[in-house]
Amino acid sequence: MPSIRNQIRELRAERKMTQQELADQIGVTRQTVIAIEQDKYSPSLETAFKVARVLGVTLEECFQYEPRGRR
Amino acid sequence: MSNIFDMERIAMAISLSYREKSLYASLVAELVVYGPYFFLHRQNSVNKVAGMIIGIIVLQIILQSIIAALTRNRITDERDRLIELRGYRVGYFTLASLMVLGLGMLWFHSAFGHLSMEGRWVGLHFLSAFFGMLVISDIAKTAAQIVAYRRAL
């Protein structure tokens, strides 16, 4: 599993935003948003910045780096 | 609110992106067209190989057209491209491994003189072997991409 964790699901819920709406705004498929939320895919830096901007938070509030084996 | 997330959770399990649907169609086409090559054709010929190549092209055009017509959102993104590259890597390693195996068998046959065929049949033998290698590596590439969509990258 990727060592990048995220709070997208929680932040999205607070904003009453669907996965499709987020996907449309950052230019990816809904399946990619699903994979990111489930920590199955670490997005590129560009996509990570887009997600943070759309959700109105900083990158660190949205994504956290956890080295492998520290979970 | 919770309904939206419950619906999303259900949709997660069954939803396929355009690229995934396209890959499943490719795999079906490959198995339907190439399957007989491995299991039914006892005697191969240039015409059968040519027929299969035409068959896969026609079936792919039909299936991909249907999927494109039925899918509203046809965008591909960075994850699709990464998965595509991983598939090509698997396909390349499969092809390279089969080539090494084939070369080893050729060396064995030439060293111990087991390959006693007429010139015409030698050509057909190589055609079958190389076509088989391409088919297997293509199926491996498609299968690897399908698996990558369901696993963590």
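**Exercise 1. Describe the fold order and overall compactness of chain A.**

From the N terminus on, chain A runs β-α-α-α-α-α-β, where helices (H or I, at least four residues) and strands (E, at least two) are DSSP runs numbered from the N terminus. The radius of gyration, taken over C-alpha atoms, is 11 Å, close to the 11 Å that the globule rule gives for 71 residues, so chain A is as compact as a globular protein of that length. That rule is 2.2 Å times the number of residues to the power 0.38.

This is a predicted model: local features need pLDDT of at least 70, side-chain atom pairs count only at pLDDT 80 or more, and totals for chains, interfaces and linings use all residues. Residues are numbered from 1 along each chain as its sequence is written, and chains are lettered from A and ligands numbered from 1 in the order in which they are written.

**Exercise 2. Find which residues of helix H2 (residues 19-26) of chain A are buried, and how they are arranged.**

Step 1. Buried means that 20 or more other C-beta atoms, placed from the backbone, lie within 10 Å of the residue's own.

Step 2. A:Gln19, A:Leu22, A:Ala23 and A:Ile26 are buried in H2(A).

Step 3. These buried residues fall within an arc of 100° seen down the helix axis, so they line one face; the arc is that of the directions from the axis to the C-beta atoms.

Step 4. After H2(A) comes A:Gly27, with a positive phi near 75°.

Notes. Buried ≥ 20, exposed ≤ 12 C-beta atoms within 10 Å, placed from the backbone.
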